[in-house]
Amino acid sequence: MWRVGTVIALHDETTTARTITFEVPDWPGHVAGQHVDVRLTASDGYSTVRSYSIASAPNSDGRVELTVERLPNGEVSPYLTQELAVGDRLELRGPIGGWFVWHTEQTEPIQLIAGGSGIVPLMAMIRSRASAASTAPFRLLYSVREPGAIFYRDELLALSDRNHSVSIAYAYTRATPKDWPRPPSRIDATLIANTTWPSNLVPTCYVCGPTSFVESATDLLIAFDNGRDKIRAERFGPTGERK
Amino acid sequence: MSSHTYEYLDGNAAAGELSKIFTMDVTAAEGQCANCGAKRRFAEAHLYMQAPGVVARCAVCEHVLLRLVSARQRMFLDARGMTYLRLDM
């Protein structure tokens with residue numbers, strides 16, 4: 001079932017990523033981690049559908065935020081991140097997905113691992129935790145190309161400074177901040193050992209990012225004795241404008 | 001032996017299309033592979049979207065679990081690769 005959402009705000013997260021806030025009058029509510037399908041229809045009738053994760057925490061005011069990363073040769077993301085304007089209307093289907101979700105009733109340790117724009121559904125979980133005043137122990141390992149590619153930087157900083165907060169570790173793959181102890185590199189066993197929950201605490205792990213990132217993060221978690229049934233993954237492909 | 005080298009997504013990515021058919025969420029549903037017997041959530045299946053439709057394969061043995069093709073006003077669903085799909089009420 002498709003619903004019409006009206007764009008009520010736009011906010012640039014980085015030079016290539018934009019958060020779009022929609023107001024959807026009959027929005028049924030969502031759970032952190034879910035996504036929506038967005039349908040664009042051209043004047044000649046051609047239509048195309050893309051999936052985007054919801055960035056906002058569940059709320060009761062019918063607002064849905066998506067953060068979209070612009071892909072150089074994308075068909076849809078350049079439009080969403082550069083041309084879409086406040087007041088525009090788009091068709092949305094969802095919320096979708098009941099597996100890659102975090103419910104506020106969950107109290108076990110949570111390990112979040114994000115690669116690039118894979119942070120989006122995990123941010124919904126972090127925001128959901130904050131808005132529900134949950135004290136579930138959260139850790140986030142966030143791998144990005146360079147410091148300027150971090151989404152939600154100030155909000156994450158504020159959350160990590162707070163008591164009973166989310167502990168956040170960054171990993172940089174191309175360029176690091178000045179004097180950063182770890183040279184630019186992909187996530188590896190040392191990083192997993194130093195920054196993620198030990199498996200004897202039986203964390204539930206949520207991994208989101210490009211397919212290859214998800215594969216390697218998942219393999220590392222399993223190598224550290226995390227059960228496969230405790231790992232939930234969401235992948236997006238090279239052409240897949242998100243997913 | 002499969003020789004495909006396409007990058008796959010996961011079962012989550014098919015959920016929007018499958019919501020046209022199923023009223024309940026399919027990603028959290030457990031399915032059993034008709035080939036190797038593995039029982040996994042549909043979200044864990046490997047999903048290939050480069051075809052004219054979507055093809056979900058078993059995460060363990062890569063056997064085809066499900067094919068879904070939309071053609072004009074018709075949808076074709078082939079789920080014979082699963083012995084069952086358990087939808088929790």
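**Notebook: a predicted two-chain model**

I looked first at confidence along chain A of this predicted model: the mean is lowest in helix α3 (residues 153–161), at 88, and highest in strand β7 (residues 110–115), at 98. I then noted residues 239–243 of chain A, where the pLDDT is below 50. In the model this stretch nevertheless has 18 contacts beyond near neighbours in sequence. For chain A as a whole I recorded an average pLDDT of 93, with 96% of the residues scoring at least 70. For chain B the mean pLDDT is 89, and 93% of its residues reach 70 or more. For the complex, I copied the predictor's ipTM of 0.85 and pTM of 0.93.

**Chain A, overall form**

I counted the secondary structure elements of chain A and found five helices and eleven strands. The radius of gyration is 18 Å, close to the 18 Å that the globule rule gives for 243 residues, so I describe chain A as being as compact as a globular protein of that length. I took the spans of its C-alpha trace along the principal axes, and they are about 55 × 35 × 30 Å. I then checked burial: 43% of the 243 residues of chain A are buried. I also looked up how far apart in sequence its contacting residues lie. Of the contacts in chain A between residues at least 6 apart in sequence, 73% join residues at least 24 apart.

**Chain A, the six-stranded sheet**

I traced an open sheet of six strands in chain A and wrote down its order as β4-β3-β6-β1-β2-β5, with antiparallel pairing. Which strands stand at the edges? They are β4 (47–53) and β5 (63–69) of chain A; each has a single partner strand, so one side of each is left without a neighbour in the sheet. From one strand to the next, the twist averages 40°.

I followed the edge strand β4(A) to its pairing with β3 (residues 35–41) of chain A, where I found seven bridges in the antiparallel sense. Within this pairing I noted that A:Asp37 has A:Ser51 of β4(A) as its bridge partner.

**Where chain A touches chain B**

I turned to the interface, where 17 residues of chain A are in contact with 14 residues of chain B. On the chain A side, β6 (89–96) and β11 (231–236) each supply at least two residues. The largest share of that side, four residues, comes from β11(A). I sorted the residues of the chain A side by character and obtained six nonpolar, six polar and five charged.

**Chain B, strand β2 and its partners**

I examined strand β2 (residues 30–33) of chain B face by face. Its covered face holds B:Gly31 and B:Cys33, whereas B:Glu30 and B:Gln32 form the uncovered one.

I then looked up the partners of β2(B). With strand β3 (residues 39–41) of chain B, β2(B) runs antiparallel and is joined by three bridges. In this pairing, B:Gly31 has B:Arg40 of β3(B) as its bridge partner. I recorded β2(B) and β3(B) as a hairpin with five residues between them. In its turn, B:Gly37 has a positive phi of about 85°.

I found that β2(B) is also joined to strand β8 (residues 82–86) of chain B, by four bridges and again antiparallel. Here the bridge partner of B:Gln32 is B:Tyr84 in β8(B). I note that B:Gln32 belongs to the uncovered face of β2(B), and B:Gly31 to the covered one.

How values were computed:
Residues are numbered from 1 along each chain as its sequence is written. Chains are lettered from A and ligands numbered from 1 in the order in which they are written. This is a predicted model: local features need pLDDT of at least 70, side-chain atom pairs count only at pLDDT 80 or more; totals for chains, interfaces and linings use all residues. The radius of gyration is taken over C-alpha atoms; the globule rule is 2.2 Å times the number of residues to the power 0.38. A residue is buried if 20 or more other C-beta atoms lie within 10 Å of its own, exposed if 12 or fewer, and partly exposed in between; C-beta atoms are placed from the backbone. Two residues are in contact if their C-beta atoms, placed from the backbone, lie within 7 Å. Ala, Val, Leu, Ile, Met, Phe, Trp, Tyr, Cys and Pro count as nonpolar, Asp, Glu, Lys and Arg as charged, and the others, Gly among them, as polar. Two strands pair if DSSP finds at least two bridges between them. Axes are lines fitted to C-alpha atoms, for helices over the stretch in contact, and angles run from 0 to 180 degrees between N-to-C directions. pLDDT is the predictor's confidence in each residue, from 0 to 100.
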